[in-house]
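Q: Please take a close look at one part of this model, a hairpin and the sheet around it. Describe how that part is built and what surrounds it.

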Amino acid sequence: TQTATSGSGTHDTGLTITVTPAALGSKFVVHAYQEGQVFISSDPSCSWHANIHRKINNGSFTVVHRNDYIGSTFPTNAREEDITPMVCYDSPTYGSGDTITYKTTAGIYTSNYGLKYTAQNDGNGHNRSDFIVWEVTP
């Protein structure tokens, strides 16, 4: 599902995964491949950031990985389609039966330049973003 974001701040991309650990004390290798299109209408800089967040059960999301200053410099009214890979090694504290949810967000540094990020949109209908989570048991 395409998810459009604009304006400064951090915005959900719609990409999430929930896992139930097989063992206590496990670590997780989290791979997120966030596909999307960046559009800029009034400035040649197209910088944004991508994050992986984690929450345990119904707790709050916490950033566990951040890619800063993603994007290119190109002419005004240009578009760029990318798959942004993010990988982190996560060591959460959780209890037996808990669930762990990961999600990605896209962050826009300023609203002054007409920057828009649309997740799951490459402009050609090939709109795939993926999560892969590997549990490393003790």
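A: In the hairpin of S4 and S5, 5 residues lie between the strands, and Asn57 among the hairpin residues takes a positive phi near 50°. The model is predicted, with a mean pLDDT of 82 for the protein and 76% of its residues at 70 or more. Among the elements, S8 has the lowest mean pLDDT, 71, and S9 the highest, 93. Where pLDDT is low, the predicted coordinates should not be read in detail.

The two strands of the hairpin, S4 and S5, are antiparallel and share 6 bridges. One of the paired positions is His53, whose bridge partner in S5 is Val63. S4 also pairs with S7: strand S4 (residues 48-56) and strand S7 (residues 100-108) run antiparallel and are joined by 9 bridges. Two positions place this pairing along the chain. His49 has Gly107 as its bridge partner in S7, and Ile56 stands opposite Ile100 in S7.

These pairings belong to an open sheet of 4 strands, in the order S2-S7-S4-S5 and with antiparallel pairing. Strand S2 (9-19) and strand S5 (62-70) are the edge strands, each pairing on one side only. From one strand to the next, the twist averages 15°. Strands of a sheet pair through backbone hydrogen bonds, either parallel or antiparallel.

How enclosed is S4 by the rest of the structure? Of the 9 residues of S4, 8 are buried, so the strand is largely enclosed by the rest of the structure.

Lys55, also in strand S4, touches residues of two stretches. Leaving out residues up to four places away in sequence, Lys55 touches Ser60 and Phe61, and also Thr99, Ile100 and Thr101. Lys55 and Thr99 are 44 residues apart along the chain, yet their C-alpha atoms are separated by 8.4 Å.

On the other strand of the hairpin, Asn67 lies in S5. Asn67 has 18% relative accessibility and therefore counts as buried, the cut-off being under 20%. The side chain of Asn67 makes a polar contact of 2.6 Å with the side chain of His65. Beyond its neighbours within four places in sequence, Asn67 is in contact with Trp48, His49 and Ala50, as well as with Thr84, Pro85 and Met86.

Trp48 also has a place in the largest nonpolar core: of the 20 residues there, Phe28, Val30, Trp48, Ile52 and Tyr102 touch the most other members. The elements that give two or more residues to this core are S2, strand S3 (27-40), S4, strand S6 (78-90), S7, strand S8 (115-119) and strand S9 (130-136). S3 gives the most, with 4 residues. In soluble globular proteins, nonpolar side chains tend to be buried together.

Tyr102 is one of those residues that touch the most other core members. Not counting residues up to four places away in sequence, Tyr102 touches Leu15, Thr16 and Ile17, then Phe28 and Val30, then Ile52, His53 and Arg54, and also Asp90, Pro92, Phe131 and Val133. His53 thus appears twice in this account, as the bridge partner of Val63 and as a contact of Tyr102.

How values were computed:
Residues are numbered from 1 along each chain as its sequence is written. This is a predicted model: local features need pLDDT of at least 70, side-chain atom pairs count only at pLDDT 80 or more; totals for chains, interfaces and linings use all residues. Side-chain values use heavy atoms; hydrogens and water are left out. Two strands pair if DSSP finds at least two bridges between them. Axes are lines fitted to C-alpha atoms, for helices over the stretch in contact, and angles run from 0 to 180 degrees between N-to-C directions. A nonpolar core is a set of buried Ala, Val, Leu, Ile, Met, Phe, Trp, Tyr and Cys residues joined through side-chain atoms within 4.5 Å. Buried means under 20% relative accessible area, exposed over 50%, partly exposed in between (1.4 Å probe, protein chains only). Contact means heavy atoms within 4.5 Å. pLDDT is the predictor's confidence in each residue, from 0 to 100. A polar contact is a pair of N or O atoms within 3.5 Å; within protein, one must be able to donate a hydrogen and the other to accept it, and residues adjacent in sequence count only if both atoms are side-chain atoms.
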